[in-house]
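Subject: Structure for your review

Dear colleague,

Please find below the sequence and the structure that I am handing over to you. My findings follow directly after it.

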Amino acid sequence: MGDPEQVSYETIRRAGRLLAQHLPPSRVVWAEAAGLLLKDEGSLPTGSFKVRGALNRLMTDAARARRQGVVAASAGNHGLGVAYAARLLGAPAQIVVPAGAVAVKVTGIRSLGAEVIQVAGG
């Protein structure tokens with residue numbers, strides 16, 4: 001296995017600036033019993049941090065995403081994130097989900113405007 005890809009500080013800062021245009025900052029809450037600060041990613045529009053990666057990726061090549069559309073395979077949160085990002089950018093999206101995917105996730109993906117393709121297995 002090779003070395004993991006190095007991500008520069010500037011790349012991270014650029015992603016933060018892009019995401020701040022469309023996503024609120026995650027709340028930070030103090031968990032008294034555990035003595036920890038926790039990020040409340042459930043307060044993001046799709047209820048998961050997965051939207052950050054999907055939106056960052058699509059925004060870095062938004063013109064191509066709008067022109068060609070996007071395809072993702074996911075049983076839930078990643079699919080919601082991709083569908084949300086595609087809707088924000090006006091890009092068509094197809095999300096491939098296993099036939100047994102959780103119904104509320106599939107409904108959420110559809111409600112964001114993505115085409116859901118269910119496949120056997122999973």
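In what follows, two residues are in contact when heavy atoms of theirs lie within 4.5 Å. Please note that the model is a predicted one.

By that criterion, and leaving aside neighbours within four places in sequence, S26 is in contact with K39, D40, E41, S43, L44 and R52. S26 itself lies in the loop between α1 and β1. Its relative accessible area is 14%, and because buried means under 20%, S26 counts as buried. Two polar contacts involve the side chain of S26: one joins it to the side chain of E41 at 2.6 Å, and another joins it to the side chain of R52, also at 2.6 Å.

The partner E41 deserves a description of its own. E41 is placed in the loop between β2 (36–40) and α2. Is E41 buried or exposed? With a relative accessible area of 16%, E41 is buried, since the limit for that class is under 20%. Apart from residues up to four places away in sequence, E41 touches S26, G47, S48, F49 and R52. R52 thus appears among the contacts of E41 and among those of S26.

Overall architecture

The chain has 122 residues, of which 34% count as buried. Its secondary structure comprises five helices and five strands, and from the N terminus on the order of elements is α-β-β-α-α-β-α-β-α-β. The C-alpha trace spans about 45 × 35 × 35 Å along its principal axes. Taking contacts between residues at least 6 apart in sequence, 44% join residues at least 24 apart.

The hairpin of β1 and β2

Strand β1 (residues 27–31) pairs with β2 in the antiparallel sense, over five bridges. Within this pairing, V29 stands opposite L38 of β2. Four residues lie between the two strands of the hairpin, and G35 takes a positive phi near 70 degrees there.

The largest pocket

As general background, rolling a probe the size of a water molecule over the atoms shows where empty space is left. In this model, the largest pocket holds about 210 Å³ of space. Its lining is made up of 14 residues, and those closest to the centre are R57, L58, R64, A65 and V70. Which elements supply at least two residues each to the lining of the largest pocket? They are α2 (50–60), α3 (62–68), β3 (70–73) and α4 (77–89). The greatest contribution comes from α2, with four residues. By residue class, the lining divides into seven nonpolar, four polar and three charged residues.

R64, one of the residues closest to the pocket centre, is found in helix α3. Its relative accessible area is 38%; R64 is therefore partly exposed, as this value falls between 20% and 50%. Neighbours within four places in sequence aside, R64 is in contact with R57 and G69. R57 is likewise among the residues closest to the centre of the largest pocket. The C-alpha atom of R64 is separated by 8.9 Å from that of A91, although the two residues are 27 residues apart along the chain.

Two further residues

K105 belongs to helix α5 (residues 103–111). At 25% relative accessibility, K105 counts as partly exposed, because the value is not under the 20% limit for buried residues and not over the 50% limit for exposed ones. Which residues does K105 contact, leaving aside its neighbours within four places in sequence? They are A75, G76, N77 and L80. With N77 there is also a polar contact between the side chains, at 2.5 Å. K105 and A20 are 85 residues apart along the chain, and 25 Å separates their C-alpha atoms.

R17 is located in helix α1 (residues 9–20). Its relative accessibility is 46%, so R17 counts as partly exposed, with exposed reserved for values over 50%. In sequence, R17 and N56 are 39 residues apart; in space, the distance between them is 9.8 Å, C-alpha to C-alpha.

When you open the model, I would suggest beginning with S26 and its side-chain polar contacts to E41 and R52, and then turning to the lining of the largest pocket.

With kind regards

Notes. Residues are numbered from 1 along each chain as its sequence is written. This is a predicted model: local features need pLDDT of at least 70, side-chain atom pairs count only at pLDDT 80 or more; totals for chains, interfaces and linings use all residues. Side-chain values use heavy atoms; hydrogens and water are left out. On a 1 Å grid over the protein atoms alone, a cavity is a set of points where a 1.4 Å probe fits but cannot get out, and a pocket is an open set with protein on both sides within 12 Å along at least five of seven lines; lining residues have an atom within 4 Å of a point. Grid points are joined across faces, edges and corners, and a volume is the space filled by probe spheres set on the points. Ala, Val, Leu, Ile, Met, Phe, Trp, Tyr, Cys and Pro count as nonpolar, Asp, Glu, Lys and Arg as charged, and the others, Gly among them, as polar. Buried means under 20% relative accessible area, exposed over 50%, partly exposed in between (1.4 Å probe, protein chains only). Two strands pair if DSSP finds at least two bridges between them. A polar contact is a pair of N or O atoms within 3.5 Å; within protein, one must be able to donate a hydrogen and the other to accept it, and residues adjacent in sequence count only if both atoms are side-chain atoms.
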